[in-house]
Amino acid sequence: MATSRGIPIPGTVPVSGGEESWQVGDPLQLAYGFDQAVADKVVNPLAGQPASAVGDTLYHTYCSVCHGPVGAGDGLVGVKIGAPSLLTDRAKGYTDGYIYSIIRYGRGSCRSTATRSAAKIGGRS
């Protein structure tokens, strides 16, 4: 199942449905394919809550191949393309909105969730 660019696969990123695109320019030509100032204002509605089994499954399905099982950047593909570690002080300093935007729009070799194939996860497709 393909989705339009910038609209994540169902179940991957909780978009409110009324959220406008933050995309700026051509994300294939820019270091950032989104407006970072807008992204940094986004508040995580689940902050302080434990990670969910669905979120864990989504990470291991879509992210761990590059970022590795714990986020060290040592996944099977990640070591070949130089995937960044998510465990560095720099990565830990990213706002939730910034991380959300990378997942939503992609950055560098990390493609947007909208460009990935959908898989059935938790009964979703």
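A residue is called buried when its relative accessible area is under 20%. The model described here is predicted.

**Overall architecture**

The secondary structure of the protein chain consists of five helices and two strands, arranged along the sequence in the pattern α-α-α-α-α-β-β. Of the contacts between residues at least 6 apart in sequence, 50% link residues at least 24 apart. Global values for the protein chain are listed below.

| Property of the protein chain | Value |
|---|---|
| Share of buried residues among the 125 residues | 29% |
| Exposed area | about 7800 Å² |
| Share of the exposed area from carbon and sulfur atoms | 58% |

**Helix α5 and its surroundings**

Helix α5 spans residues 96-105, and because seven of its 10 residues are buried, the helix is largely enclosed by the rest of the structure. The buried positions in α5 are Gly-97, Tyr-98, Tyr-100, Ser-101, Ile-102, Arg-104 and Tyr-105. Their packing partners are α1 (36-40) together with the strands β1 (106-107) and β2 (110-111). After α5 comes Gly-106, which has a positive phi, near 85°.

**The nonpolar core**

Nonpolar side chains in soluble globular proteins tend to be buried together. In this model, the largest nonpolar core contains five residues: Phe-34, Ala-39, Tyr-98, Ile-102 and Tyr-105. The greatest contribution to this core comes from α5, which supplies three residues. Tyr-98, Ile-102 and Tyr-105 thus appear both among the buried residues of α5 and in the largest nonpolar core.

Note on methods
Residues are numbered from 1 along each chain as its sequence is written. This is a predicted model: local features need pLDDT of at least 70, side-chain atom pairs count only at pLDDT 80 or more; totals for chains, interfaces and linings use all residues. Side-chain values use heavy atoms; hydrogens and water are left out. Buried means under 20% relative accessible area, exposed over 50%, partly exposed in between (1.4 Å probe, protein chains only). Helices (H or I, at least four residues) and strands (E, at least two) are DSSP runs, numbered from the N terminus. Contact means heavy atoms within 4.5 Å. A nonpolar core is a set of buried Ala, Val, Leu, Ile, Met, Phe, Trp, Tyr and Cys residues joined through side-chain atoms within 4.5 Å. Accessible areas come from the Shrake-Rupley method with a 1.4 Å probe; for residues, only the protein chains shown count as cover.
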